[in-house]
Amino acid sequence: MHKKDKEAVDLDCLDITPWEIVALGASNDIKDYCESIFSQGNGYMGVRGYSPIGRKNNNAERTTFISGFFEYIRPGITDMVNQPDFAASKIFINGTDINEMSVADYKQVLNMKDGTVLWSYTVLDKENRRTQIRIIRFLSMGNKHTAAIRFEVFPENHNSSIILETGIDGNVINLPIADNQLSDNTQFVNMWGKINSSSIGKKGSITAETIYSNRITTMEYYINIPKEYKAVIEADTKDNYTGSIIKFSGMQGNRYVIDKLISVANYRDGENIGDIAQNHLEQCIKFGFDGMLVESKKVWQRIWEHSDVKVESSQELQGAIRYNIFQLIQSDPSDDPYASIGARGLMHGRYKGCYFWDTEIFMLPLFLNTNPEAARNLLLYRYNTLEDAMESAKRFSLKGARYSWMSSDTGFEQCETWDTGCCEIHITADIVYAIGRYIEQTGDINFLKDYASEIYIQTARYWKERFTYDEQKDCYNLIHVKGPDEYCGVTINNFYTVKMALHNLTLALDSIKLMEKEFPEKWESLREKTQLVKDETKKWQDIIDKAVTYYDKDRELWIQDPIFEGLEPIDIGAYKDDNIPLYHKLSYDRLQRYQVLKQPDVLMYMALFPEEMPRNQMLAAWNYYEPKTLHDSTLSFGIHALIAARLGLRKEAWRYFNKSIFLDLKNLMSNTAKEGIHTAALGASWQALIFGFAGVWINSQGISCEPNLPEDIQSMQFKICYKSAIYELIIKYGKKPEINFLYSI
Ligand code: BGC
């Protein structure tokens, strides 16, 4: 990456306060960046934070995504579909588009208490007519099929004609982005075929159908405008667009408020999408903008009651912590078991919107601890794609279930980079790990009975075939794998992958024992369904006993894989003087022969199994791998902060934590504008805070807490959900932590 490619963002443009993110100034340099930062979502849909009246260079930059709505862009490969733009609006004063006027006092505010974004500024035309503009948008948490936009126009020193043109624009396109992170795509894809639009004055509707699979979205809007404005309203339906033109006379010193209420339904909601959208629109009309906002705010209030982490520290840090939580929740499909959270949530089309291990390993802990139902839904997505995972295993000539590195509305592989797609197989065990943690923490034994044990058996079956038996040495090798450290090439016996696979096999064996004892009938039908035979499980145990990992007793060091120590040493400092990934400077091929890590690998395992790893081994791994780690993935900083905190390395923990928690808010990777918010980093930051600084760990025995607060955080207060009860944890610097039972749920 050359310096000129860095995103030139003035970092002082954001003011981070405990509940608000504020951007002052409308310079073009920060526009794209702010569009990422101010992204909004309610789990059902998400929009980038572009202003409803803003102009974009192309129609792929105005993005609205619906959770789980994908479509094929070539055989077998999907992209998350850019939906019609329900914000599309223009304001004219005395015939001039306000985008052509000069702007003063620009302010953009994201309010994390109620999920609103406000744009507020004054426009000035050539005749010095000053008009204050305020626009507020939110995607309702109360009814996730709905959104609302309020337009406020205040002529300060003039009487003028005012025109608001607003509608829903189906002229949007996709710009699928290649997985390899190196090339910029310039080929737009038009996903939408037939688009029907209609409007009658204050109301409009658009139904768009994808070209390939005829997947439908219907959006409707209604304009609420006070009668006394005596507005003339005309329908405005043109190519793939439905809208209204609202004209009225604006008098000096009067504030004019017009609300646009929006409803959205799509093919995933059931039959008769049109009726569904219409019903939701009627709800909107009944509540109006203010009523909708009250309902939405109530839900946010409930969410914050469980999810907030209060810290005694700087205001900026408090705001950043909430921002991390807020953005993660905005992308969570919460009650939809057929969708998950993409690597950029619903905020950007990077990685074609796909789901990775990012969800189970990085994001899920936040939900597991604050809203276990949401965690359950995320895991159900994996159950609902189990058949695809089994078909995927077959495609690799294996039995059992193999989860894809990247998946979308199906579980079929979406990764087009062969080494990653074929070899980064740890994701199968990562999913199983997350399921195990969910059951351990919630005690939801029915989940084990109804879903997990089947996943365990099919995945264990996959691992059995995936390990290769070495007869001479009587051991099992995992050949042709890639660990989380994607710079390690394709290797053998990657520590993380082997250990996670063994955990997968162990959980499978344990669950069989439990099923036989506790649910014999269900077990019998599952045994029949999976055609499991006794001999099969013997082999699972044999692999657990004889799989190869490498431990150097003298150094107390777990070795990542057998080739790692033979790789070429490199002076990292000579190449890397910033946070920009090195793959922008050196080819991937070259990188794979250097002794560097992209992100934690052995340390990653240690983060997931703190009880298993003695401190001396963790410290040895830290001392050995940390200096060799490039942190070229945003997932890396938070995990390093967590491990450093557990090791009591306070300075390092604080340094890494700051990189993770401010990753997007300070554009530390220089790609937030271009790529959106990094959802796994949001989750990793939360883990660093709770599992690292607060030192919380939860297993079937209960909640333990050994804090490692940095000096800059004097206290922390938050809630944790454990086995149907809510606990409050209060941690004060230098004091014994308090764990208080609050109530049962
Ligand atoms: C990381 C992966 C991650 C993916 C999506 C890659 O750069 O190396 O670990 O799953 O990004 O976030």
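**Reading a sheet, its helices and a ligand site**

Mentor: Start with one strand pair. Strand S2 (residues 20-24) and strand S10 (residues 102-111) run antiparallel, joined by 5 bridges. Keep in mind that this is a predicted model.

Trainee: Which residue of S10 is the bridge partner of Ala23?

Mentor: Gln108 in S10 is the partner of Ala23. The general idea: strands of a sheet pair through backbone hydrogen bonds, either parallel or antiparallel.

Trainee: What is the strand order of the open sheet?

Mentor: Read across the sheet, not along the chain. The order is S1-S2-S10-S11-S12-S13-S20-S17-S16-S15. That makes 10 strands, with antiparallel pairing.

Trainee: Which are the edge strands?

Mentor: Look for strands that pair on one side only; here these are strand S1 (14-16) and strand S15 (192-200). From one strand to the next, the twist averages 15°.

Trainee: Which strands does helix H2 lie across?

Mentor: Follow the contacts. Helix H2 (residues 273-307) lies across S11 (116-124), S12 (130-139), S13 (146-155), S16 (203-210), S17 (216-224) and S20 (256-266). Its direction is at about 140° to S20.

Trainee: And where does helix H3 lie?

Mentor: Helix H3 (residues 315-330) lies across S1, S2 and S10. The angle between H3 and S1 is about 95°.

Trainee: How many residues stand between S28 and S29 in their hairpin?

Mentor: Find the two strands, then count the residues between them. Here there are 2. Strand S28 (residues 696-699) pairs with strand S29 (residues 702-705) in the antiparallel sense, over 4 bridges. Within this pair, Asn699 has Gly702 of S29 as its bridge partner.

Trainee: Now the ligand. How many residues surround it, and which are the closest?

Mentor: Begin with the shell. It holds 12 residues, the closest being Tyr351, Trp357, Asp358, Lys598 and Gln599. By class, 6 are nonpolar, 3 polar and 3 charged.

Trainee: Which distances should I read for Tyr351, Trp357 and Asp358?

Mentor: Take pairs of polar atoms; the cut-off for a polar contact is 3.5 Å. A side-chain N or O atom of Tyr351 is 3.1 Å from an oxygen atom of the ligand. For the side chain of Trp357, the N or O atom is 2.9 Å from a ligand oxygen. Asp358 has a polar side-chain atom 2.5 Å from an oxygen atom of the ligand.

Trainee: What share of the ligand's accessible area does the protein cover?

Mentor: Compare the ligand on its own with the ligand in place. Alone, the ligand has 310 Å² of accessible area, and the protein covers 95% of that.

How values were computed:
Residues numbered from 1 in each chain as written. Predicted model: local features only at pLDDT ≥ 70, side-chain atom pairs only at ≥ 80, totals over all residues. Heavy atoms only, no water. Near = heavy atom within 4 Å. Polar contact = N/O pair within 3.5 Å; in protein donor to acceptor, adjacent residues only side chain to side chain. Areas by Shrake-Rupley, 256 points an atom, 1.4 Å probe, with all protein chains shown as cover. Nonpolar A, V, L, I, M, F, W, Y, C, P; charged D, E, K, R; others polar. Pairing = 2+ DSSP bridges. Axes fitted to C-alpha atoms, helices over the stretch in contact; angles between N-to-C directions. Contact = heavy atoms within 4.5 Å.
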